[in-house]
Amino acid sequence: MSPKIGVVTFPGSLDDQDAVRAIRLCGGEPVSLWHGSDDLDGVDAVILPGGFSYGDYLRCGAISRFAPVMAEVIKSADAGMPVLGICNGFQILCEAHLLPGALIRNDVRVFVCKDQDLQVESADTTWTSDFTRGQMITLVLKNGEGGYVADEDTLRRLEDEGRVIFRYVNGNPNGSFHDIAGICNERGNVVGLMPHPEHNVDRLTGPTQDGRAFFSSVFDFLTAKV
Amino acid sequence: MARVVVDVMPKPEILDPQGKAVTGALARLGFAGMSVRQGKRFELEVEGEVTEERLAEVRRAAETLLANTVIETFDVRVEPAPASAAEDTDAEVSDAEDSGAEDNGAEENTAAENVAESAEEAELTAQAG
């Protein structure tokens, strides 16, 4: 049986259908989840997709973070369920305190949309085990508020514990501290990143297929667990 | 109804790209020597009396939703009632007098209480500030 991966749609989510498509292309069973639901429909993992939930009102992700479905996501994440936040999903995970730090407006003060080179810093998470440490990949990056910030203590802890998962290379596109593009929680089951793996799963629509490893990683993890 | 204002500002060590853009625009317009940091102001119309408990609740609301304390600081204060609201209160008192309240002393007490409340509010403002 292929793993069931839920994709939450918030009002203003943009990339939920791309995430659903990517899961299917990579061999999983996508399950669409509604933000107002208080049930995860028995999924094995959850993706919070990119977009502009609630129009980015107040702060990106600040209102979505309190959507009914998020209570379940937080509970399941704390219990070890793999959760991936992409772009707006990353912002929601930070607002929900499932991940430390915050995302602020790009220092360049423009919306950035490009094929971004990244270095994989850790393969020790449920979403990145199919990468190798030090591997160079390219993923689509598109955001206005992707500057990762955190206080010195948090940054030191992230670095010391190997929880910086991806770093921007060949230029920092948004002023993120320590060139951070993605991080994980202590347990490694919750991962957030600004670039978009779901846009990089086939030749037709992405510059690379480097996004596929995210899905194969979590499928491996879930299959091994079963 | 009282108005409680929550001001939210980016922490000093956090880059403020919006403030930077505004600073640049001001300079281009000839407003020299002005450096801007941009925040948010929330106006909460709060039902009932603004007690210290109620203010604590507003602070909790600010911490929970209005501000992200990872990157922002917030300040809660009670805004003095606008002049029109004060007139309304007076009108109510005089209405009561017109209705033939026998004990004028009681009405005076009510007015005195109102004043006391205002003073209390002012004190709360000072504390919150």
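Here are a few worked exercises on a predicted model with chains A and B.

Residues count from 1 along each chain as its sequence is written, and chains are lettered from A, ligands numbered from 1, in the order in which they are written. Since the model is predicted, local features need pLDDT of at least 70 and side-chain atom pairs count only at pLDDT 80 or more, while totals for chains, interfaces and linings use all residues.

**Exercise 1. Work out how chain A is built overall.**

Step 1: take stock of the secondary structure. Chain A has five helices and 11 strands; helices (H or I, at least four residues) and strands (E, at least two) are DSSP runs, numbered from the N terminus.

Step 2: check the compactness. The radius of gyration of chain A, 16 Å, is close to the 17 Å from the globule rule for 226 residues, so the chain is as compact as a globular protein of that length. That radius is taken over C-alpha atoms, and the rule is 2.2 Å times the number of residues to the power 0.38. The C-alpha trace of chain A spans about 40 × 35 × 35 Å along its principal axes.

Step 3: look at burial. In chain A, 56% of the 226 residues count as buried. Buried means 20 or more other C-beta atoms within 10 Å of a residue's own, exposed means 12 or fewer, and partly exposed is in between, with C-beta atoms placed from the backbone.

**Exercise 2. Trace the nine-stranded sheet of chain A.**

Step 1: write down the order. The open sheet of chain A runs β2-β1-β3-β4-β11-β10-β9-β6-β7, with mixed pairing. Two strands pair if DSSP finds at least two bridges between them.

Step 2: find the edges. These are β2 (29–34) and β7 (136–143) of chain A, each pairing on one side only. Neighbouring strands in this sheet are turned by 25 degrees against each other on average, direction ignored.

Step 3: zoom in on one pair. Strands β3 (residues 45–48) and β4 (residues 83–86) of chain A run parallel and are joined by three bridges. V46(A) has V83(A) as its bridge partner in β4(A).

**Exercise 3. Decide which way helix α2 of chain A faces.**

Step 1: list the buried residues. In α2 (residues 68–78) of chain A they are V69(A), M70(A), E72(A), V73(A) and A77(A).

Step 2: look down the axis. The buried residues of α2(A) fall within an arc of 160 degrees, so they line one face of the helix. The arc is that of the directions from the helix axis to the C-beta atoms.

Step 3: identify the two sides. The buried residues of α2(A) pack against β1 (4–9), β2, β3, β4 and β11 (190–193) of chain A; contact here means C-beta atoms, placed from the backbone, within 7 Å. P68(A), A71(A) and K75(A) are the exposed residues on the face turned away.

Step 4: check the end. G80(A), just after α2(A), takes a positive phi of about 110 degrees.

**Exercise 4. Find where H97(A) and R109(A) sit, given their backbone angles.**

Step 1: H97(A) is not a glycine, yet has a positive phi of about 60 degrees. Its loop lies between α3 (88–95) and β5 (102–104) of chain A. H97(A) is partly exposed, with 13 other C-beta atoms within 10 Å.

Step 2: R109(A), also not a glycine, has a positive phi of about 60 degrees. R109(A) lies in the loop between β5 and β6 (112–120) of chain A, and with 14 C-beta neighbours inside 10 Å it counts as partly exposed.

**Exercise 5. Put chain B together and see how it touches chain A.**

Step 1: start with the sheet. Chain B has an open sheet of three strands, ordered β2-β1-β3, with antiparallel pairing. Its edge strands are β2 (40–46) and β3 (72–79).

Step 2: add the helix. The buried residues of α2(B) are V58(B), A62(B) and L66(B). They fall within an arc of 45 degrees seen down the axis, so they line one face of the helix. These buried residues pack against β1, β2 and β3 of chain B.

Step 3: turn to the contact between chains. Nine residues from chain B and 12 residues from chain A take part. On the chain B side, helix α1 (residues 17–28) gives the most, with three residues.

Terms used:
Contact = placed C-beta atoms within 7 Å. Axes fitted to C-alpha atoms, helices over the stretch in contact; angles between N-to-C directions.
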